[in-house]
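Open the model in your viewer and keep the sequence panel beside it. The tour goes from one selection to the next.

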Amino acid sequence: MPLDEWSRLLRQLGNLHDAGQQMAEARERAAKAETESEFLKERLRDLREQLAAANEIANRPVPEPDPMPAFPEWITRRWLERRKLKR
């Protein structure tokens, strides 16, 4: 086999080896990207559920507070008397 053909075959073999390495790296990157994509989809789903729950809570009607009960007259009178004394 002539030396030129042998050199050409070795170069092609080297190119095939490089292509195989690049293919393996590309597969690894694709697997990482797929894993990250699944994680982000799951996180987005969780955040949407949290947002829906927060909106549900925010949209609930707020109950009216009970009116403040009136103080008995004797408490009110004493409070007013003490207040007058402090002045």
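Is L3 buried or exposed? Select L3 in this predicted model. L3 has a relative accessible area of 65%, and over 50% counts as exposed, so L3 is exposed. L3 belongs to helix α1, which covers residues 3-58.

Next, add W6, L9, L10, L13 and L16 to the selection. Together with L3, these residues make a nonpolar surface patch of about 650 Å².

Now turn to the charged pairs. Side chains of opposite charge can pair when their charged atoms come close. The model has 2 salt bridges when nitrogen and oxygen must lie within 4 Å.

For one of them, stay in helix α1 and select E28 and K32, which lie 4 residues apart, about one turn of the helix. Show their side chains: E28 and K32 meet in a salt bridge, with 3.7 Å from N to O. K32 is exposed, at 56% relative accessibility, whereas E28 is partly exposed, with a relative accessible area of 48%.

For another salt bridge, move to helix α2, residues 73-86, and select E73 and R77. The closest N and O atoms of this pair are 3.9 Å apart. What separates E73 and R77 along helix α2? They are 4 residues apart, so about one helical turn lies between them. Colour the two by accessibility to finish: E73 is exposed, with a relative accessible area of 60%, and R77 is partly exposed, with 43%.

Methods: Residues are numbered from 1 along each chain as its sequence is written. This is a predicted model: local features need pLDDT of at least 70, side-chain atom pairs count only at pLDDT 80 or more; totals for chains, interfaces and linings use all residues. Side-chain values use heavy atoms; hydrogens and water are left out. Patches are made of residues with over 30% relative accessible area and no salt bridge: like charges are joined within 9 Å, nonpolar side chains (Val, Leu, Ile, Met, Phe, Trp, Tyr) within 5 Å. Accessible areas come from the Shrake-Rupley method with a 1.4 Å probe; for residues, only the protein chains shown count as cover. Helices (H or I, at least four residues) and strands (E, at least two) are DSSP runs, numbered from the N terminus. Buried means under 20% relative accessible area, exposed over 50%, partly exposed in between (1.4 Å probe, protein chains only).
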